[in-house]
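Please open the structure in a viewer and keep the selection panel at hand. The stops below are meant to be taken in order.

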Amino acid sequence: MPELAEVEYYRRLADTALGREITKVSAPDPWFLKAGLTARALRTAVVGRSFTATRRIGKLLLLDTSGDGPVVGLRFGMTGVLLVDGGRGVDELLYSSMRDEPAWDRVTFHFAGGGDLRVRDPRRLGGVLFDPDEARLGVDAQALTLADLRAALAKSRAPLKARLMDQARVAGVGNLAADELLWRAGLDPAREAGSLDAAEVRKLHRTLLRTFEDLLSGGGSHTGRLQAHRVPGGRCPRDGAELIRRTIGGRTTWSCPDHQR
DNA sequence: ATTGTGGCCTGCCCGC
DNA sequence: TGCGGGCAGGCCACAA
């Protein structure tokens with residue numbers, strides 16, 4: 001599913017759509033337009049403008065528009081794909097279909113000259129929003145400092161994994177990345193977030209930055225070393241112990257009972 | 001405020 | 001071969 005790495009690929013792809021005049025907008029699915037946005041309002045606000053910059057905070061892709069136009073926020077849920085001029089932002093997306101099915105195009109910005117930028121989302125868990133409240137999101141995981149992480153975990157009695165996935169604290173950590181980085185850091189996802197000592201927080205911080213670097217350079221969230229083993233009967237690639245499956249923070253969680261403490 | 005739970009969405013996979 | 005049930009998880013509403 002699109003986590004930080006995939007949305008970063010989408011952002012880079014969206015860069016190729018900058019500076020092109022938007023001539024038409026197709027938004028056939030009202031459900032996909034969030035926070036009261038309508039197809040009419042979307043059209044009125046962006047037709048005649050162009051995208052001027054792409055930004056990303058966690059899993060939220062932000063497209064600035066020219067003049068005094070709105071910031072267009074794109075969310076991809078777990079199955080959303082970005083396409084520009086028919087080309088995809090990613091080649092593989094776990095849990096989503098890669099079928100070429102135009103009926104799944106939930107919003108399309110058509111450009112002068114014939115190209116377009118579209119969000120294709122079979123499951124409709126993503127969405128489009130105007131001027132999203134960027135302050136609601138925590139620091140992007142890729143830019144997270146040790147002090148940020150310390151502050152995000154301090155005094156919390158919530159499970160470590162749930163805290164890491166709280167987008168208001170740290171933006172961009174999804175379920176797969178959370179399992180991967182806690183496995184690498186040797187930390188039990190169910191630990192109380194506030195129970196980590198200083199050395200553990202430092203290690204988690206180093207591991208977090210390194211993990212996102214690896215997932216990004218490796219080609220996406222599905223390229224983690226734990227990924228292939230997150231299945232019934234799967235064994236820890238580090239020590240061979242049978243992985244355990246739990247629900248933590250409402251999410252399916254795989255971890256090693258031996259080295260994750 | 002913090003933490004936990006349930007529901008939304010629907011393609012896909014499994015077992016019968 | 002078709003069918004039905006369960007599953008996946010990002011996000012949000014809501015409860016305690």
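**First stop: the pairing of β5 and β8**

Begin by selecting β5 and β8, two antiparallel strands joined by four bridges. The model on display is a predicted one. In general, the strands of a sheet pair through backbone hydrogen bonds, either parallel or antiparallel. To follow the register here, pick Leu82, whose bridge partner in β8 is Val119. Next pick Val84, which has Leu117 of β8 as its bridge partner.

Now show the side chains of β5. In a regular strand, side chains alternate between the two faces of the sheet. Val81 and Leu83 point one way from β5, whereas Leu82 and Val84 point the other way, and all of these residues are buried.

**Second stop: the rest of the sheet**

From β5, move along to β6 (87–88). β5 and β6 pair in the antiparallel sense, over two bridges, and Val84 stands opposite Gly87 of β6. Two residues lie between the strands of this hairpin, in which Asp85 takes a positive phi near 55°.

Return to β8 and select β7 as well. These strands run antiparallel and are joined by five bridges; His110, for example, has Asp116 of β8 as its bridge partner. β7 and β8 form a hairpin with four residues between them, and Gly113 in the turn has a positive phi of about 100°.

How many residues of β8 are buried? The count is five of its five residues. On one side of β8 are Asp116, Arg118 and Arg120, on the other Leu117 and Val119, and both faces are covered.

Zoom out to view the whole sheet. It is open, has five strands with antiparallel pairing, and follows the order β1-β7-β8-β5-β6. β1 and β6 stand at the edges with a single partner strand each, so one side of each is left without a neighbour in the sheet.

**Third stop: two nonpolar cores**

Select Leu61, Leu74, Leu82, Val107, Phe109 and Leu117. Within the largest nonpolar core, which has 32 residues, these touch the most other members. Elements that each supply at least two residues of this core include α1 (4–14), α2 (39–46), β3 (60–65) and β4 (71–75), as well as β1 (22–26), β5 (81–84), β7 (105–111) and β8 (116–120).

Centre the view on Phe109. Leaving aside residues up to four places away in sequence, Phe109 touches Ile22, Lys24, Val25, Leu42, Val46, Phe51, Val72, Gly115, Asp116 and Leu117. A second, separate core has 27 residues, among them Ala177, Leu182, Leu208 and Leu216.

**Fourth stop: helix α5**

Select residues 175–185, which form helix α5. Is this helix mostly covered or mostly uncovered? It is mostly covered, with 11 of its 11 residues buried. Polar and charged side chains can be found here too: the buried residues include Asn175, Asp179, Glu180 and Arg184, together with Trp183. To see what surrounds the helix, add α4 (160–164), α6 (198–218) and β13 (251–255), against which the buried residues of α5 pack. Just after α5, Gly186 takes a positive phi of about 70°.

**Fifth stop: DNA strand C**

Display DNA strand C, which is surrounded by 18 residues; the closest are Arg75, Arg123, Leu125, Arg245 and Arg251. Of the atoms of this strand that come within 4 Å of the protein, sugar and phosphate account for 57%. The surface near strand C has five nonpolar, five polar and eight charged residues.

Three distances to phosphate oxygens of DNA strand C can be displayed in turn:

- Arg75: a side-chain N or O atom is 2.8 Å away.
- Arg245: a side-chain N or O atom is 2.9 Å away.
- Asn175, one of the buried residues of α5: a side-chain N or O atom is 3.1 Å away.

**Last stop: DNA strand B**

Finally, display DNA strand B. Which residues are closest to this strand? Of the 14 that surround it, they are Arg123, Arg124, Leu125, Arg157 and Arg163. By class, the nearby surface has five nonpolar, two polar and seven charged residues. Sugar or phosphate makes up 81% of the atoms of strand B within 4 Å of the protein, and the rest belong to bases.

Select Arg163, where a polar side-chain atom lies 2.5 Å from a phosphate oxygen of strand B. At Arg157 it is a polar backbone atom that is 2.7 Å from a phosphate oxygen of this strand. At Arg169, a side-chain N or O atom is 3.2 Å from a phosphate oxygen of strand B.

Definitions and conventions: Residues are numbered from 1 along each chain as its sequence is written. Chains are lettered from A and ligands numbered from 1 in the order in which they are written. This is a predicted model: local features need pLDDT of at least 70, side-chain atom pairs count only at pLDDT 80 or more; totals for chains, interfaces and linings use all residues. Side-chain values use heavy atoms; hydrogens and water are left out. A residue is near a molecule or strand if one of its heavy atoms lies within 4 Å of it. A polar contact is a pair of N or O atoms within 3.5 Å; within protein, one must be able to donate a hydrogen and the other to accept it, and residues adjacent in sequence count only if both atoms are side-chain atoms. Ala, Val, Leu, Ile, Met, Phe, Trp, Tyr, Cys and Pro count as nonpolar, Asp, Glu, Lys and Arg as charged, and the others, Gly among them, as polar. A nonpolar core is a set of buried Ala, Val, Leu, Ile, Met, Phe, Trp, Tyr and Cys residues joined through side-chain atoms within 4.5 Å. Buried means under 20% relative accessible area, exposed over 50%, partly exposed in between (1.4 Å probe, protein chains only). Contact means heavy atoms within 4.5 Å. Two strands pair if DSSP finds at least two bridges between them.
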